[in-house]
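Welcome! Have a look at the structure below, and then work through the exercises at your own pace, trying each task before you read its solution.

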2 protein chains.
Amino acid sequence: MTTHRPFHHGNLRAVLLDQAERTLREGGVDALSLRELARKAGVSHGAPRSHFVDRQALLDALAERGFDRLADEVEAAIAADGADYKERLRAIATSYVHFAVTDAALLDLMFTAKNGDAPGLRAASQRLFAAVGDLIDRGTETGELEHHDAHRLQMLFAAIMQGIASLVSSRRISAQDGDALIDDAISLLVREQEQEPDDIGRSGSGERPRRLAD
Amino acid sequence: MTTHRPFHHGNLRAVLLDQAERTLREGGVDALSLRELARKAGVSHGAPRSHFVDRQALLDALAERGFDRLADEVEAAIAADGADYKERLRAIATSYVHFAVTDAALLDLMFTAKNGDAPGLRAASQRLFAAVGDLIDRGTETGELEHHDAHRLQMLFAAIMQGIASLVSSRRISAQDGDALIDDAISLLVREQEQEPDDIGRSGSGERPRRLAD
DNA sequence: CCTAGTTTCTAGTCAATGTCTAGTTCGAGG
DNA sequence: CCTCGAACTAGACATTGACTAGAAACTAGG
């Protein structure tokens with residue numbers, strides 16, 4: 001067995017991040033300590049510094065990872081076929097809120113006021129919002145969504161998800177209330193399709209939305 | 001001048017909180033240190049402990065204060081007369097987002113995952129949501145809002161505000177985008193009143209909502 | 001007025017942490 | 001083989017949160 005500690009860990013950065021994610025989930029941000037992580041990884045207390053200049057750099061990396069993971073889930077939910085548009089929206093929102101429940105502290109980290117400086121973090125978050133935005137765009141193009149302004153609709157949807165996630169994450173409302181709110185929000189946004197079949201094909205041109213204010 | 005330090009500060013708790021709020025606004029949560037606050041207040045490093053058992057207790061107190069202040073603003077916006085319902089909603093949402101911009105770190109503190117335990121904090125936050133809820137209720141009663149479920153509409157509105165505030169606070173979207181989103185959201189929620197005058201009086205009974213999906 | 005009790009504050013101490021520096025080990029490329 | 005840089009060790013330092021014992025000041029009851 002090569003159980004002897006090699007000088008070079010070789011995998012330290014990933015190990016630290018994995019452990020940090022677990023600690024974050026169990027004990028919150030305050031439970032995160034570079035030295036403690038080093039101890040658990042079996043390296044000296046200064047070792048993490050080779051991979052994270054700062055404690056903040058670790059937190060940024062965790063947030064970036066969070067965005068990546070969430071973006072993955074959202075993209076998967078979008079790609080899932082065999083589901084109608086409304087179901088797909090609900091799938092996104094649900095995975096979003098689920099993420100907020102199981103990784104509340106991480107979500108806090110992702111949307112805390114003090115970051116936004118790290119370049120990688122911005123990129124990762126933009127990937128998430130781009131994915132959401134694409135689905136919204138697809139909806140406006142097929143006429144399933146009202147569109148006064150596609151970009152603003154993207155932001156509105158993102159804001160609603162983030163809001164529900166935030167309230168659930170801070171335990172201001174329960175998880176099932178969160179689910180109910182998702183349904184309400186989607187019902188509010190998605191044009192009801194009790195219209196005649198040919199009415200669907202008719203949309204897509206730049207007509208005036210039907211039920212949204214101006 | 002009674003400039004001599006009395007042994008008893010007499011006002012320490014309030015002074016600490018004020019200074020903490022300022023520090024929070026300028027440097028974020030990480031800049032908050034009990035010892036530093038004590039120094040600035042001219043007391044010994046152990047003095048704050050008489051008023052806050054914990055650093056977390058200070059953060060909780062700050063969050064509670066934040067909820068109180070925000071609730072005050074919201075209640076004021078509601079009480080303002082001479083404004084129609086839609087304007088009043090917009091006033092609330094705007095003060096909410098404004099709060100998120102000027103006190104981003106404080107908002108984080110208010111909606112972080114790890115609190116919710118402190119009793120005073122819960123009470124203060126419930127005061128805020130009660131205020132918002134009242135206005136929503138008023139809207140459903142006069143028929144200006146669709147109402148499948150008043151309580152869920154309250155939560156939905158709260159979630160939307162919180163979501164916009166969160167995105168603005170984390171600088172994911174700009175402040176003017178936030179304003180635009182407020183308008184969009186309100187337009188989405190408020191029933192357009194291009195209906196005939198007598199149509200307004202007709203609402204209020206338990207009729208089926210018109211444009212919301214069941 | 002005086003005195004006992006309680007709150008507020010002081011001062012000293014301790015372990016833990018983030019950060020810095022100098023030096024060591026390892027691996028890859030010339 | 002040699003050199004150079006990245007990864008890691010080990011020691012140090014200042015700062016912080018938390019705990020303790022005790023002094024100072026306010027409060028209330030006699």
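Which helices of chain A do the buried residues of α1(A) pack against? Keep in mind as you look that this is a predicted model.

**Exercise 1. Follow helix α1 of chain A from its length to its surroundings.**

Solution.

- Step 1: Begin with the length. Helix α1 of chain A covers residues 12-27, which makes 16 residues. From first C-alpha to last it reaches 21 Å, close to the 22 Å expected at 1.5 Å a residue.
- Step 2: Pick out the buried residues. In α1(A) these are A:L12, A:L16, A:L17, A:Q19, A:A20, A:E21, A:T23 and A:L24.
- Step 3: Recall how a helix turns. An α-helix has 3.6 residues a turn, so residues three or four places apart point the same way.
- Step 4: Now the opening question can be settled. The buried residues of α1(A) pack against α2 (34-41), α3 (55-79) and α5 (104-110) of chain A.
- Step 5: Look just past the helix end. There A:G28 has a positive phi of about 80°.

**Exercise 2. Find the counterpart of this helix in chain B and describe it in the order used above.**

Solution.

- Step 1: Helix α1 of chain B (residues 12-27) has 16 residues and reaches 21 Å, close to the expected 22 Å.
- Step 2: Its buried residues are B:L12, B:L16, B:L17, B:Q19, B:A20, B:E21, B:T23 and B:L24.
- Step 3: Their cover includes α2, α3 (55-79) and α5 (104-110) of chain B.
- Step 4: After α1(B) comes B:G28, with a positive phi near 80°.

**Exercise 3. How many helices and strands does chain A have, and what percentage of its residues count as buried?**

Solution.

- Step 1: Count the elements. Chain A has nine helices and zero strands.
- Step 2: Turn to burial. Chain A has 214 residues, and 50% of them count as buried.
- Step 3: Consider the contacts in chain A with a separation of 6 or more. Residues 24 or more positions apart account for 69% of these.

**Exercise 4. Is A:F99 buried or exposed, and which residues does A:F99 touch?**

Solution.

- Step 1: Locate the residue. A:F99 sits in helix α4 (residues 85-102) of chain A.
- Step 2: Apply the cut-off. Buried means under 20% relative accessible area. A:F99 has 1% relative accessibility, so it counts as buried.
- Step 3: List the contacts. Leaving out residues up to four places away in sequence, A:F99 touches A:G66, A:R69, A:L70, A:E73, A:A104, A:L106, A:L107 and A:M110.
- Step 4: Take one of these partners, A:L70. It is 29 residues from A:F99 along the chain, yet their C-alpha atoms are separated by 7.4 Å.
- Step 5: Move on to another partner, A:M110. Beyond its neighbours within four places in sequence, A:M110 is in contact with A:A63, A:G66, A:F67, A:L70, A:F99, A:N115 and B:R172.
- Step 6: Place A:M110 in the wider picture. The largest nonpolar core has 130 residues, and A:L62, A:M110, B:L62 and B:M110 touch the most other members.

**Exercise 5. Describe helix α7 of chain B and the surroundings of B:Q154.**

Solution.

- Step 1: B:Q154 is in helix α7 (residues 150-169) of chain B.
- Step 2: Check the span. The 20 residues of α7(B) should span 28 Å at 1.5 Å a residue, and the end C-alpha atoms are 28 Å apart, which agrees.
- Step 3: Check the cover. In α7(B), 17 of the 20 residues are buried. B:Q154 is at 18% relative accessibility, so it counts as buried.
- Step 4: Follow the side chain of B:Q154. A polar contact of 3.1 Å joins it to the side chain of B:D137, and it reaches the backbone oxygen of B:G133 at 3.5 Å.
- Step 5: Visit both ends of the helix. At the start of α7(B), a side-chain oxygen of B:D149 comes within 3.0 Å of the backbone nitrogen of B:H151. Just after α7(B), B:R171 has a positive phi of about 55°.

**Exercise 6. Which residues come nearest to DNA strand D?**

Solution.

- Step 1: Of the 24 residues around DNA strand D, the nearest are A:S44, A:H51, B:R35, B:R39 and B:R49. Sugar and phosphate make up 66% of the strand's atoms that come within 4 Å of the protein.
- Step 2: Inspect two contacts with phosphate oxygens of DNA strand D. A backbone N or O atom of A:S44 lies 2.6 Å from one, and a polar side-chain atom of B:R39 lies 2.7 Å from one.
- Step 3: Sort the surface near DNA strand D by residue type. It divides into seven nonpolar, eleven polar and six charged residues.

Notes: Residues are numbered from 1 along each chain as its sequence is written. Chains are lettered from A and ligands numbered from 1 in the order in which they are written. This is a predicted model: local features need pLDDT of at least 70, side-chain atom pairs count only at pLDDT 80 or more; totals for chains, interfaces and linings use all residues. Side-chain values use heavy atoms; hydrogens and water are left out. Helices (H or I, at least four residues) and strands (E, at least two) are DSSP runs, numbered from the N terminus. The expected span of a helix is 1.5 Å times one less than its number of residues. Buried means under 20% relative accessible area, exposed over 50%, partly exposed in between (1.4 Å probe, protein chains only). Contact means heavy atoms within 4.5 Å. A residue is near a molecule or strand if one of its heavy atoms lies within 4 Å of it. A polar contact is a pair of N or O atoms within 3.5 Å; within protein, one must be able to donate a hydrogen and the other to accept it, and residues adjacent in sequence count only if both atoms are side-chain atoms. Ala, Val, Leu, Ile, Met, Phe, Trp, Tyr, Cys and Pro count as nonpolar, Asp, Glu, Lys and Arg as charged, and the others, Gly among them, as polar. A nonpolar core is a set of buried Ala, Val, Leu, Ile, Met, Phe, Trp, Tyr and Cys residues joined through side-chain atoms within 4.5 Å.
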